[in-house]
Amino acid sequence: MFKISQQKGRGFSLIELLVVIGIMTLLAGIVVPNIMTGRARGRDSKRIADVSQIRLAIEHYFNIKDKFPLKLTDADFITSGVLSQIPVDPNASVCTAADESGCYKYVAFCSDLAQPTLPTGFHIGATLEKNNEQLGGDA
């Protein structure tokens, strides 16, 4: 008279759960490296834009003062108004005269050794994380 009902089909079997977890792990293994690569490229794009901004500011400073700054953290360069603040590498926090670890690489060079405090040119650069196609082979 009484029917004993078996509860079949009311959940997932262990194999089904393991298959779903395996698929999710596989997808995560594909997606996470792409996200990390995207972040690195974003930081590289910021570095390229920052270096370009600094280069334009240095050229503007040269047009005003008729000389290049000795360092990016020179007080005369900072107070000249060509940059509101010195751009900082995305992986760093500060770029000051006391702590230049976050600054982009800047070298002023002099062609006249008799006047070492009067640079006649400069080189500015940054270290990129990825081989960046935006540079067009200039890396």
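Which residue follows H1, and is its phi positive or negative? Select aspartate 66 to find out: this residue comes after H1, and its phi is positive, near 65°. Keep that spot in mind, and let's walk through the rest.

**Stop 1: the whole model**

Show the full chain as a cartoon and colour by confidence. You are looking at a predicted model. The average pLDDT of the protein is 82, and 88% of the residues score at least 70. Now compare the helices: helix H1 (residues 14-65) has the highest confidence, with a mean of 90, while helix H2 (residues 75-79) has the lowest, at 82. A word of caution as you look around: where pLDDT is low, the predicted coordinates should not be read in detail.

Next, colour by secondary structure. You should find 2 helices and 2 strands, and starting from the N terminus they come in the order α-α-β-β. Switch on the surface too: its accessible area is about 10200 Å², and carbon and sulfur atoms account for 59% of that. Of the 139 residues, 22% count as buried.

**Stop 2: along helix H1**

Select residues 14-65. This helix has 52 residues and spans 75 Å from its first C-alpha to its last, close to the expected 76 Å.

Which residues of H1 are buried? Pick out Ala40, Asp44, Arg47, Asp50, Val51, Ile54, Ala57, Ile58 and Tyr61. Then show what lies over them: the cover includes H2, strand E1 (105-109) and E2.

**Stop 3: the nonpolar core**

Now show side chains. The largest nonpolar core contains 18 residues, and Ile54, Ile58, Leu72, Phe77, Tyr106, Phe122 and Ile124 have the most contacts inside it. H1 and strand E2 (121-125) each provide at least two of the core residues. H1 is the biggest contributor, giving 5 residues.

Zoom in on isoleucine 54. Leaving aside residues up to four places away in sequence, Ile54 touches Leu72, Pro87, Tyr104 and Ile124. Zooming back out to the whole protein, take the contacts between residues at least 6 apart in sequence: 50% of them join residues at least 24 apart.

**Stop 4: the aromatic rings**

For the last stop, display the aromatic side chains. How many aromatic pairs does the structure hold? There are 4. Start with phenylalanine 62 and phenylalanine 68: their ring centres are 4.5 Å apart and their planes meet at 20°, so this pair is stacked. The two partners differ in exposure: phenylalanine 62 is partly exposed, at 28% relative accessible area, whereas phenylalanine 68 is buried, at 9%.

Stay on phenylalanine 68 and add phenylalanine 122. Here the centres are 5.2 Å apart and the planes are at 55°, so the pair is tilted. Why does this pair tie together parts that are 54 residues apart in sequence? Because phenylalanine 68 sits in the loop between H1 and H2, while phenylalanine 122 belongs to strand E2. Phenylalanine 122 counts as buried because its relative accessibility is 19%, and the cut-off for buried is under 20%.

To finish, select Phe62, Phe68, Tyr106 and Phe122 together: ring pairs link these residues into a cluster. Two of them, Tyr106 and Phe122, are also among the residues with the most contacts inside the core from Stop 3.

Key: Residues are numbered from 1 along each chain as its sequence is written. This is a predicted model: local features need pLDDT of at least 70, side-chain atom pairs count only at pLDDT 80 or more; totals for chains, interfaces and linings use all residues. Side-chain values use heavy atoms; hydrogens and water are left out. pLDDT is the predictor's confidence in each residue, from 0 to 100. Helices (H or I, at least four residues) and strands (E, at least two) are DSSP runs, numbered from the N terminus. A nonpolar core is a set of buried Ala, Val, Leu, Ile, Met, Phe, Trp, Tyr and Cys residues joined through side-chain atoms within 4.5 Å. Buried means under 20% relative accessible area, exposed over 50%, partly exposed in between (1.4 Å probe, protein chains only). Contact means heavy atoms within 4.5 Å. Accessible areas come from the Shrake-Rupley method with a 1.4 Å probe; for residues, only the protein chains shown count as cover. The expected span of a helix is 1.5 Å times one less than its number of residues. Rings of Phe, Tyr and Trp (its six-membered ring) pair if their centres lie within 6.5 Å; planes under 30 degrees apart count as stacked, over 60 as edge-to-face and the rest as tilted.
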